[in-house]
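Please read the following report alongside the sequence and the model. It moves from one strand to the sheet around that strand, then to aromatic contacts and the chain as a whole.

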Amino acid sequence: MKQNYLLEINNVSKNFNGHPALKNIYMNVKHGEILGLVGENGAGKSTLLKIIMGVQPASSGSMLLNGKPYKPQNPREANNAGVGMVFQEQSLITNLTVGQNIFLGDEKRFMKYGLIDYKKMYDEARIILDEVGLTDIKPEKYVRDLSFAKRQMIEIAKVISHAKSVNNALILLDEPTSVLNDEEVKQLYSDIRKLVEKGHSIIFVSHRLDEVLEITERIYVFKDAANAGEFITKDVTEKDLYQAMVGKSTSGEYYNIDKQITPKDDVVLEVKNLSAFGSFKNVSFELHKGEILGFCGVVGSGKEDLCYALCGDIKPTEGKIYIHGEEVSLRSPSDALKNSILLIPQERNEEGIFGILDVTSNIAASNLSRLTKYGIVSVKKLVAQAKEWIQRLNIRTQSHKTNLNTLSGGNAQKVVFAKMLASNCEIVILNHPTRGVDVGAKTEIYQLIRRMAEDGKSVILLGDTLDECIGLSNRVLVMKDGFITGEFDASVGNKPDNLDIIQCMM
C-alpha cells in the first residue's frame with residue numbers, strides 16, 4: 001500500500017547560470033514526523049528549502065503536498081498552503097505584540113468598520129499559542145520582552161495560524177538551536193515534540209549531528225547538490241552520517257599536492273587571544289612565510305568574522321595582531337592594505353569587483369598609487385599592467401577594456417586574483433576563492449595558489465569544501481562556536497581525515 005505523505009519531492013533540480021545547485025533530489029515527509037536534513041555547506045539544503053517555500057522556482061521536477069501538485073510562487077502561497085519556515089535570522093518585529101506578529105499581513109480578517117478588533121485578534125492568537133504549547137505567553141505581550149527560544153516558537157505559531165484552515169502544517173526549521181543555551185534547546189525540543197503529537201510535521205536542518213540524531217525519526221543526507229543517503233535515525237550513528245556527508249577522499253592530483261612546499265620558519269602574522277564580541281573568542285595562531293593555513297568550520301563558527309577582523313572590516317574587542325613581530329592596529333581595509341594584508345572576498349560580485357568597470361581598472365584598484373605620479377595616473381602603466389596579468393593568469397577576455405560583468409565567473413575571479421597579486425601584498429586571505437567557478441577554472445586557481453606560496457606569500461584559506469581546504473593547506477585549524485577546536489598537520493603524505501575535522505566542527 002502506498003504511503004500517504006504530507007510532502008513528496010520528485011527529481012527536483014535547480015541550476016544557476018548553468019551550475020547545478022540541486023540534482024534530481026527526492027525526499028518525502030510523513031504526517032506527524034520530524035525529518036532531519038544534513039550536509040556540508042553548499043550541499044543544497046538551503047536551496048531546497050527555498051524551493052519548498054516558494055522563494056525561488058525549481059528548474060525541473062515536481063512536488064506534491066497532501067497528494068496534490070504543489071508549486072508555490074512566493075512564501076505567502078506556501079503559508080496559505082500550511083507550509084512555513086523559521087529562519088536562523090528571525091523575522092519577528094520586536095516592537096509589536098505577540099498577537100500582532102502572528103497575524104502580521106493578515107489583519108483584514110479582524111477589521112470592523114475600518115478598525116482592527118484587537119480582542120478578536122488576541123482571542124484567536126490565544127488558541128494558536130495553546131496549539132504550540134505557549135500557554136504562559138499572553139498575546140498582548142511585546143515580542144522584545146521574550147527570550148530567543150520563545151520567539152522561535154512564536155515564529156512557528158505564525159505558520160500554525162495559516163495551517164488552521166488546511167491540513168496540518170509543515171514547518172521548516174533552519175539551524176533552530178544555533179544561538180540557544182542547553183536549557184532553551186531542551187525546551188525547544190519539548191515544544192517541537194508537542195507539535196508533532198498534534199499531527200504537524202517538521203524538517204529539521206542542523207549542522208549539529210548529535211541534535212539531529214536526538215530529535216528526528218529519519219534523516220536525509222545531501223552531498224554535492226545530490227542525495228547521498230536516507231537513514232532511519234535509530235539505526236544510524238554520527239560516524240555513518242559523517243561518511244555520507246564526506247563521501248570521496250581528497251584527490252592529491254586535483255589539488256597539486258606534489259607542488260606543495262614546506263613553509264619557512266619566519267612568522268609573518270601572529271594573532272594572540274583575539275576576540276570580537278558575539279563572533280569569536282581567544283583565537284591565537286601563527287602564519288609562516290609561504291604557508292597555506294586552512295580554516296574549517298560551519299557557517300557561524302566564527303571563521304569568516306575572524307578573516308574580516310584581519311582585513312580591518314571588523315574591530316576586535318580584545319587581543320593583539322602582530323606582523324613580523326610588531327603590533328598593528330587594523331581599523332579599516334586600507335590599514336590592512338598598508339600592512340600588506342588583502343582579502344579576496346566570498347561574494348565576488350558584491351565585494352570583489354567593479355562590474356561596470358573594465359579589466360584594467362579592476363586590476364589597478366588595489367595599487368593605483370604605484371601607477372600615479374604627481375597625482376596623475378599613467379595610462380601607459382595602467383594598460384601595461386593589465387596586459388601582463390591577463391597573459392600571466394590566462395584571463396579569457398576580448399580585451400583589457402572589457403567590462404567585468406561580461407566575463408565568466410572563473411575569469412572574473414582570476415581578475416580578482418590579478419588585483420591582489422598586483423598589489424604585491426604579503427598576506428592574502430582567500431574567502432571561498434573557487435565559489436561559483438567551473439572545474440577548469442578551479443584547477444587554474446589551485447595552481448595559482450600554489451605559485452603564490454612558492455613566491456613567498458602567506459595564505460589564509462577558507463575553502464569551499466573540506467576536500468579543498470585539506471588538499472591545499474599545509475596546516476588546518478578548525479573553529480566551532482567562535483573557538484578554535486582543533487589543529488591538524490596537512491603536510492604532504494600526512495593529510496588529515498575529513499571525518500576527524502568534521503568531528504571538531506560539529
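Strand 21 is largely enclosed by the rest of the structure, because five of its five residues are buried; buried here means under 20% relative accessible area, exposed means over 50%, and partly exposed lies in between, with a 1.4 Å probe and protein chains only. Helices (H or I, at least four residues) and strands (E, at least two) are DSSP runs, numbered from the N terminus. The model is a predicted one, in which local features need pLDDT of at least 70 and side-chain atom pairs count only at pLDDT 80 or more, whereas totals for chains, interfaces and linings use all residues. Residues are numbered from 1 along each chain as its sequence is written, and side-chain values use heavy atoms, with hydrogens and water left out.

In a regular strand the side chains alternate between the two faces of the sheet. Both faces of strand 21 are covered, with Ile427, Ile429 and Asn431 buried on one side and Val428 and Leu430 buried on the other.

The sheet that contains strand 21 is open and is formed by six strands in the order 18-21-22-15-23-24, with mixed pairing; two strands pair if DSSP finds at least two bridges between them. Strand 18 (341-344) and strand 24 (483-489) stand at the edges with a single partner strand each, so one side of each is left without a neighbour in the sheet. From one strand to the next the twist averages 20°, where axes are lines fitted to C-alpha atoms, for helices over the stretch in contact, and angles run from 0 to 180 degrees between N-to-C directions.

The table sets out the two pairings made by strand 21, with a bridge partner from each.

| Strands | Sense | Bridges | Residues opposite each other |
|---|---|---|---|
| Strand 18 and strand 21 | parallel | four bridges | Ile344 and Leu430 |
| Strand 21 and strand 22 | parallel | five bridges | Val428 and Val459 |

Asn431 also has a bridge partner in strand 22, namely Leu462.

Helix 9 (residues 303-310) packs on the sheet, touching strand 15 (292-296), strand 18, strand 21, strand 22 and strand 23 (475-480), and its direction makes about 145° with that of strand 22; contact means heavy atoms within 4.5 Å. Helix 17 (residues 498-505) lies across strand 15, strand 23 and strand 24, and runs at about 30° to strand 23.

The structure holds five aromatic pairs, a term for rings of Phe, Tyr and Trp (its six-membered ring) whose centres lie within 6.5 Å, with planes under 30 degrees apart counted as stacked, over 60 as edge-to-face and the rest as tilted. One of them joins Phe103 and Phe110, whose ring centres are 4.9 Å apart and whose planes stand at 65°, so the pair is edge-to-face. Phe103 counts as buried at 1% relative accessibility, and Phe110 likewise counts as buried at 1%. The rings of Phe285 and Phe295 also form an edge-to-face pair, with centres 5.3 Å apart and planes at 70°. Phe285 belongs to strand 14 (residues 280-288) and Phe295 to strand 15, 10 residues apart, and both residues are buried.

Across the chain there are 17 helices and 24 strands, and 53% of the 506 residues count as buried. Among contacts with a separation of 6 or more, 67% are between residues 24 or more positions apart.
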